[in-house]
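Me: I would like to go through this structure by question and answer. Please give the terms as they come up.

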Amino acid sequence: MASSSYSRSEHLRSLWPWLPLWALVALLAIFSHGPMPLYSTRTLAVAWEMWNHHHWLVPHINGVPYSDKVPLLFWMIHAGWAVFGVNDIWPRVLEVIFGGTQLVLVSLLAQRLFPSRPWVAKGAPWILLALGYAFLFGLQVMYEVLLAVWVLAALLCLTPKADRAEPRWLLFGLCVGAGLLTKGPVMLLHVVFPWLLGPLWNDWAREQRARWYGRGVLALLLGGAILLAWALPAGFSGGEAYRQRLFFTQTAGRVVDAFDHARPFWWYLPMIPPLLFPFSGWPRAWAALITLRRPLDAGIRFTLCWLLPVMLALSFISGKQLYYPLPEYAGAALLIAGAVAVLREKRPELDANPWLGTWPLGVGGILFGVLLFLLPTLVASNVLRGEWFDTTQQYSRFFSVLFVLLGALLLLRGRGEMRRLAFAGLVGTLALNTLFTLTMWQNFDLRPSAQLLGAADAEHRAIAILGNYEGQFHFAGRIQNPLERINEGASLQAFAQQHPNGLVVEHPEQLSSEALRYALLVQPFRSNWVVIWPAQSLADLRAGRVPPEPAHPTRVYQVDEWRFRALQ
């Protein structure tokens, strides 16, 4: 066999079986239910409005320029729509492609960073694919999954190959530019520290400091130029208010004094174990990290130069969300895999110690399965109460068997311990997602409301919403026009007077008897409700007047037993 053909064959074999397994599970999970409000529906609303009104340069949401995001993900969605038509299938397939690309890139990074420890390249993708939060968030049509691809690709460009020590600066700059077009300036935060600290982990950077930093600056400037090539014409096209928000307000507001998602400095620290589950519950991983000693491998030094300063910088930023450090989950997988590889070589007694195995997670899985089996009894006897318990108990016993089996799998000893843990984590996450789909998804599915609003919009009836609007109805209802945001009182009365055949949407915490009598549609949404009113009827009720009897009874959608009892 020719050497090039052999090399390609080896690369293909290295993807088996984790990539097809992950792709199958991801496709099953992402198509088990519709796009999730408000993350996915907001992204699709922006893409739809850009597509529908031909706003190719400036993203729009609900009729106004949307300065929160840059357009690369929307353009990629549009590319699929141009071929397949407008649908929600292509955006979800895109997310699966992005997730699979992350796994491939983390494997390539491991090969470059740990050339003498081939196990790391085999283990890191397994660890990454099994991280429960990263998997579930990857089911959202969101920007961070694509951002993680560009971060990993940019960092791959910095790492040395066997036949080339110098980074690929042009590709590095292009990947930085693509990341900037995906999420804005935060892309730099994810890649700048491994570059700035290059001499600590890269021999070429230590020997060629002037070229490392000089060419690195030029590459970052190239990335910035790519962003400006869009931002400058978009800023002039979007108007003064959009330009001000795009260039100043958004970034400064999130960094200094967050107008959204403000958290204390230490907030990320207690979140790390849940985010890295199930591997945060694996004693051998902790033993491997704790026993790391100098001199550290170049790959370990790379992950530390990446993870520690990025997480510290994210902690200083006022606005925090669990998905902001999504690119760093791959770095955590590299660190865990690298540390375990070192443990296997240098501490064989710890590597063989059965007390450091996956038995705590196995016991936890069995106990969770027992809890699921007992859940209907606990609910019936009022030991556990609440909507989540009440609703999931309908199917919990079917899933209890699976978690007991997964727990038993983790009690096994011997070779393949890490892969068994990854498989159990991936399948367990899919099972929880499936249980959610069967029981709780009906409280998140806004299609009935969106379709009613879309039909009203097609009839040129004005639509208003009480309070904030995140675009959750626009794509599913294919709504052409913006929803007017109004408030209680004079604003509501004025809208009803100007649009007597208009509709008003509200999200009350408690459902009134008037809603079940006069509203057009009622459906649960999360822990609240969506109520769609004839504008005049709602205005009359708020003013203390009795509205005329409706021509048709209120449509009540998808009310489960728990909510039905709450209505009584």
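Reply: Two strands count as paired if DSSP finds at least two bridges between them. Strands (E, at least two residues) and helices (H or I, at least four) are DSSP runs, numbered from the N terminus. This is a predicted model, in which local features need pLDDT of at least 70 and side-chain atom pairs count only at pLDDT 80 or more, while totals for chains, interfaces and linings use all residues. Residues are numbered from 1 along each chain as its sequence is written, and side-chain values use heavy atoms, without hydrogens and water.

Me: Which residue in strand 7 stands opposite valine 504?

Reply: Strand 5 (residues 503-506) is joined by four bridges to strand 7 (residues 528-534), and the two run antiparallel. On strand 3 (residues 463-466), which pairs with strand 5 in the parallel sense over three bridges, alanine 464 is opposite valine 504. In strand 7, the residue opposite valine 504 is tryptophan 533.

Me: Which residues of strand 5 point the other way from Leu503 and Val505?

Reply: In a regular strand the side chains alternate between the two faces of the sheet. All four residues of strand 5 are buried (under 20% relative accessible area with a 1.4 Å probe, protein chains only; exposed is over 50%, partly exposed in between). Leu503 and Val505 share one direction, and the other is taken by Val504 and Glu506.

Me: Within what arc do the buried residues of helix 24 fall?

Reply: Leu492, Phe495 and Ala496 are buried in helix 24 (residues 490-498). They line one face of the helix, because seen down its axis (by the directions from the axis to the C-beta atoms) they fall within a limited arc. The face turned away carries the exposed Ala490, Gln497 and Gln498. The arc is 95°.

Me: How many residues does the largest nonpolar core have?

Reply: A nonpolar core is a set of buried Ala, Val, Leu, Ile, Met, Phe, Trp, Tyr and Cys residues joined through side-chain atoms within 4.5 Å. In the largest one, the residues with the most contacts inside it are Phe172, Trp230, Phe279 and Trp306. Helix 17 (residues 326-346) gives the largest share, 14 residues. The size of this core is 136 residues.

Me: What share of the 568 residues is buried?

Reply: The protein chain comes to 27 helices and eight strands. Its C-alpha atoms fill a box of roughly 80 × 65 × 50 Å along the principal axes. The buried share is 52%.
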